Amino acid sequence: MMSKRSSMTSSTKTYHFQSDLPKLPIPTLAETMEKYLSFVKPIQSQAAHVATCEAVAKFRADGGDGEKLQKMLKEYSDDKASYVEEFWSDAYLVPDTSPVLNLNPFFLLEDGPDQKTSKSQVGRAASLTFSSLKFASLLYTETLHPDLVRGKPLCMAQFKHIFGSARIPQSKSSAERDEVQSDPNSKHVVVMCRGQLYYFQALQDDGSVVCSETDIRGILEAVLSDSEKLKEEHRALKAVGVLTSLDRSRWAHVRENLVNHSAHNKAALEIIDSALFVLVLDDYIPNDIHEAAANFLHGSYELRTDDQDELDYQAGTCINRWYDKLQLIVCTDGSAGVNFEHSAIDGHTALRFVSDIFADTVVTFAQSITKTIYSKDHIPSHLNAKVISNPSIDTRPKRLNFDVPSASLEHIHYAETILGDQILASHTRILEFRDFGKTLITGNKMSPDSFVQMSIILAYYKLYGEFVCAYEPVLTKFFLHGRTEAMRSATPKAKLFCECWCSSFPTKQEKIQHLMDAVKEHAGLVKECAGGKGVDRHLFSLKSIATKNNVDVPDFFNDGGYKALNHTYLSTSNCGNPSLRLFGFGPVVPDGFGIGYIIREHGLQYTVTSKHRQTERFVNTLSRYLKEVEEYCGGAEKIAVRNYRQTSTTEQMEIDGFDSSFDSTNNFSTSPRNKTKVAADMMYSEAFDDIYGESTNAAMMGKVKRRPSVDAKTFKEAGVIIDAADASANGDIGVDVSPSGNNKRKLSGSGGS
């Protein structure tokens with residue numbers, strides 16, 4: 001693929017390179033089947049593998065089922081942006097399971113740069129929200145710089161669905177799958193606090209931001225004050241957001257009842273669904289890093305008792321969520337992160353968002369330091385969006401009240417108790433390993449990502465004596481509408497490495513050599529996956545094309561090998577840069593582990609989750625193995641640094657490079673003005689077993705549907721004013737909760753502006 005770096009300027013439009021991106025190639029049947037056998041052999045018994053070889057031979061035979069499906073798939077893909085896109089969207093939207101712990105991942109950000117605001121909930125939330133609005137504004141005007149990796153453009157189509165989008169549950173009696181609906185003209189933000197819902201206008205019709213950071217502080221202070229009026233024991237009873245944690249068909253049924261019960265409920269749901277994002281203010285301070293991770297993954301669980309009638313009620317943050325949308329979550333102590341709906345966007349897209357808004361807060365803080373010494377523009381802004389200082393738009397916060405029928409009130413209670421079971425059945429533990437990191441690994445000429453993959457597989461082997469299926473998603477965004485390909489890390493050489501390391505006979509040097517061999521094999525296979533030459537997406541598409549054409553699914557897909565490959569005991573993903581402290585997700589099978597990790601220069605961060613398994617023991621085993629590696633490698637990172645510097649640039653790029661979804665600085669801009677860009681280490685591989693604006697070159701992905709924008713009438717019908725003296729002349733959406741005269745601006749325009 002030809003590099004586009006030379007044509008990249010500070011004014012390059014967001015979707016400028018879309019028409020230049022190649023389509024994801026369909027591998028040949030022969031190469032997929034050969035690679036498939038090498039992937040399943042290490043996780044099968046000898047007898048089971050013999051049966052799998054027979055199934056493969058039958059499937060790939062001349063004139064067999066494989067050839068017929070391959071032909072169908074090629075014909076189907078002729079007029080599609082991606083041969084796998086529709087089928088992969090269905091993989092997210094068809095299952096009836098709750099998104100909590102099954103789909104939605106989380107990021108935990110590092111502390112903010114300004115100590116005056118980083119520990120303040122209102123200060124941190126206002127800062128991150130303001131930066132998020134600037135990011136949304138740049139997307140709306142298509143002036144956000146496109147993603148590049150070493151000068152090569154990545155597909156930006158997912159950014160059309162990061163804001164203004166929601167997953168809408170569908171009754172399985174009327175539809176086979178949920179829908180992701182996106183409003184490209186969304187201009188408002190929904191706020192959740194103590195289980196209650198609010199919203200405020202944030203952008204005007206041209207995409208300009210109409211709320212300053214100071215304005216947002218006032219809005220959030222008003223929301224916090226109003227949310228305290230509802231007694232704690234009554235909040236869980238009316239926490240409509242917890243319904244989004246239900247199985248999809250059940251949530252669809254309750255949602256339909258809410259809509260049919262009143263036009264007010266219908267309007268309120270439309271406002272939530274079409275919001276840019278949901279800002280969540282959690283009344284919660286985690287006691288440690290493990291609790292913090294669990295809170296951002298699924299919310300906290302805390303039962304309390306009503307002193308009057310002695311009934312228990314849920315006081316945890318698990319009722320303060322809207323899982324069908326992108327959520328920016330800020331706790332009482334200022335700790336912040338995101339939890340995002342994963343159907344239409346992958347972690348790489350969410351990572352770009354959080355990296356940019358975190359970097360923007362860093363630059364803003366730096367500007368506040370230098371502005372009295374140098375000129376105002378001495379440090380260029382990171383997100384240089386247009387901000388209107390005195391807009392005519394009403395930005396006061398409004399409360400969204402639901403008219404909930406008694407039957408739906410019962411479902412809110414059931415949703416909370418079912419979610420409580422899921423939370424109590426889950427365990428989240430963090431390993432922040434600080435003895436060594438990327439520097440030592442690359443100093444010994446190993447790929448950091450492949451090294452971490454081997455550490456995870458080895459830890460499981462040491463703990464259980466079993467070599468099991470492991471999954472690592474690899475970015476395929478070099479291709480049009482590319483998402484991920486699956487890397488199966490349990491390779492033949494990985495198995496030899498585990499057996500050698502856990503034996504008392506080999507020498508330390510022999511163990512390290514087996515580790516290096518396994519790492520090299522893994523890194524090479526990752527490069528093939530990144531080039532569209534994986535196994536999983538191709539086989540999945542062949543199976544899906546049979547179903548789509550009402551053809552009997554071949555027996556090959558019922559073979560033990562295919563089932564073993566799709567029972568992912570170790571679902572893993574590498575995602576991170578200096579803006580993130582943690583990243584994680586739930587296991588994809590009941591007896592598995594979910595493991596998100598971040599590779600730092602001098603440390604390794606693991607977030608490990610499971611259901612009813614020995615999560616802490618697994619983390620301890622992993623830590624002991626890493627210490628063994630340090631001992632065997634000499635334990636001196638300074639030696640590794642010297643070795644690293646002696647390695648040629650070309651050789652070092654081979655070590656660091658495309659082996660793990662492109663471990664590289666994300667060059668958001670090549671403009672000379674972009675001197676203060678925070679380097680975003682885009683070492684990322686998506687993690688599951690699994691925009692905004694208008695553009696002729698960047699169509700919506702998959703089965704995302706463009707939803708009609710919310711009109712002014714809907715906004716007005718969503719609630720009533722409780723303080724008429726403070727209402728605008730036209731009437732307002734919801735209940736005005738702003739202090740009298742504060743943030744009061746005349747409502748003008750239409751379409752929710």
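Two strands count as paired here if DSSP finds at least two bridges between them, and the strands themselves, like the helices, are DSSP runs numbered from the N terminus, with at least two residues for a strand (E) and at least four for a helix (H or I). With that in hand, let me start with strand E6, where four bridges join E6 to strand E8, residues 278–282, and the two run parallel.

Before going further, a word on the source: this is a predicted model, in which local features need pLDDT of at least 70 and side-chain atom pairs count only at pLDDT 80 or more, while totals for chains, interfaces and linings use all residues. Residues are numbered from 1 along each chain as its sequence is written, and side-chain values use heavy atoms, with hydrogens and water left out.

Back to E6, then. Within its pairing with E8, Val 190 stands opposite Val 278. E6 also pairs with strand E7, residues 196–201, this time in the antiparallel sense and over six bridges, with Val 191 opposite Tyr 198. The hairpin of E6 and E7 has two residues between the strands, and in it Arg 194 takes a positive phi near 55°. How many of the six residues of E6 are buried? Taking buried to mean under 20% relative accessible area, exposed to mean over 50%, and partly exposed to mean in between, with a 1.4 Å probe and protein chains only, six of the six residues in 188–193 are buried, so the strand is largely enclosed by the rest of the structure. Both faces are covered, with His 188, Val 190 and Met 192 buried on one side and Val 189, Val 191 and Cys 193 buried on the other.

A second sheet is open and has three strands in the order E4-E5-E21, with mixed pairing. Its edge strands, each pairing on one side only, are E4 and strand E21, residues 705–706. E4 and strand E5, residues 179–182, pair in the antiparallel sense over four bridges, and the bridge partner of Ala 166 in E5 is Gln 181.

The loop between E4 and E5 brings me to the salt bridges, defined as a side-chain nitrogen of Lys or Arg within 4 Å of a carboxyl oxygen of Asp or Glu; by this rule the count comes to 37. In one of them, the side chains of Asp 178 and Arg 248 meet at 2.6 Å, N to O. This pair links distant parts of the chain, since Asp 178 lies in that loop between E4 and E5 and Arg 248 in helix H9, residues 248–261, with their positions 70 residues apart. Asp 178 and Arg 248 are both buried. Lys 398 and Asp 394, also both buried, form a salt bridge whose closest N and O atoms are 3.5 Å apart. In the salt bridge of Arg 434 and Glu 432, at 3.6 Å, N to O, Arg 434 is exposed with a relative accessible area of 59%, whereas Glu 432 is buried at 19%. Salt bridges that share partners also join Arg 167, Asp 178, Arg 248, Asp 324 and Glu 341 into one network.

Let me turn to the aromatic residues. Rings of Phe, Tyr and Trp (its six-membered ring) pair if their centres lie within 6.5 Å, with planes under 30 degrees apart counted as stacked, over 60 as edge-to-face and the rest as tilted, and the structure holds 29 such pairs. Why is the pair of Phe 135 and Phe 159 called tilted? The ring centres are 6.5 Å apart and the planes stand at 40°, so the pair falls in that class. Phe 135 sits in helix H6, residues 121–140, and Phe 159 in the loop between strands E3 and E4, 24 residues apart; Phe 135 is buried at 0% relative accessibility, and Phe 159 is likewise buried at 0%.

The rings of Tyr 460 and Tyr 464 have their centres 4.7 Å apart and their planes at 45°, so they too form a tilted pair. Being four residues apart in helix H15, residues 448–464, these tyrosines are separated by about one helical turn. Tyr 460 is buried at 2%, while Tyr 464 is partly exposed at 25%. Elsewhere, ring pairs link Tyr 36, Phe 59, Phe 556, Phe 557 and Tyr 562 into a cluster.
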